[in-house]
Amino acid sequence: MPDDRELDILLGTLDVLVLRALSWGSMHGYAVARWIHESSGQTFRIQDGALYTSLHRMEDRGWIESEWGHTDQGKRAKFYRLTTSGRRQLRQETSDWERYAEGVARVFAARPRPA
C-alpha cells in the first residue's frame, strides 16, 4: 500500500528544488511551491516561510534575480528567475545530490558479510 504522507524536506535540499523549479522559467513564489508539490507527486509541501527564506538567500548569493510583475489572475507578485551563476549552481548541486542518493541506495542494498 503506497504511503501518501507528505515528508519534510531534508536540510539543504530546498534550494536545489527551487533552482530546479526555476530552471523551467520565471515563476512567482506560489508557483514555485506548487511546482515542487506537483512534481514530487504531492510528497513535499513547501511552507511559505521556508520558501521565501530560500528565495532571499539565493538572491543574496546571486543565483536568482527577481522583478515585480502580475500573475495570470492580475495580482502583483515578485517573479524569480535563474542567473548564469544559478544555472551553474544547479548543475553542481544536481551532481552532488545524485552522488548522495547513489551512496544511500548502496547502503540500503548492502548485505551483511558472513562472520
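Start with the sheet: select its three strands. This is a predicted model, and here the strands form an open sheet in the order S1-S3-S2 with antiparallel pairing. Strand S1 (27-28) and strand S2 (64-70) are at the edges. Each has a single partner strand, so one side of each lacks a neighbour in the sheet.

Next, select 64-70 and 76-82 together. These are S2 and S3. The two run antiparallel and are joined over seven bridges. In general, strands of a sheet pair through backbone hydrogen bonds, in a parallel or an antiparallel sense. Turn on the side chains of Glu 67 and Phe 79. Glu 67 lies opposite Phe 79 in S3.

Now colour by secondary structure. Four helices join the three strands in the protein chain. Follow the protein chain along its sequence and the pattern reads α-β-α-α-β-β-α.

Zoom out to the whole chain. How does the radius of gyration of the protein chain stand against that of a compact globule of 115 residues? The globule would be near 13 Å, but the protein chain has 17 Å. Draw a box along the principal axes: the C-alpha atoms fill roughly 65 × 35 × 20 Å.

Show contacts. Of those in the protein chain with a separation of 6 or more, 50% link residues 24 or more positions apart.

Switch to the surface. The accessible surface of the protein chain is about 8,500 Å², and carbon and sulfur atoms hold 52% of this area. Buried residues account for 29% of the 115.

Last, select the charged side chains. The protein chain carries 17 positive and 16 negative charges, and their mean positions lie 4 Å apart.

Conventions
Residues numbered from 1 in each chain as written. Predicted model: local features only at pLDDT ≥ 70, side-chain atom pairs only at ≥ 80, totals over all residues. Heavy atoms only, no water. Rg over C-alpha atoms; globule rule 2.2 N^0.38 Å. Buried < 20%, exposed > 50% of the residue type's maximum accessible area, 1.4 Å probe, protein only. Contact = heavy atoms within 4.5 Å. Areas by Shrake-Rupley, 256 points an atom, 1.4 Å probe, with all protein chains shown as cover. Lys, Arg positive; Asp, Glu negative; His and termini not counted. Charge placed at Lys NZ, Arg CZ, Asp CG, Glu CD. Pairing = 2+ DSSP bridges.
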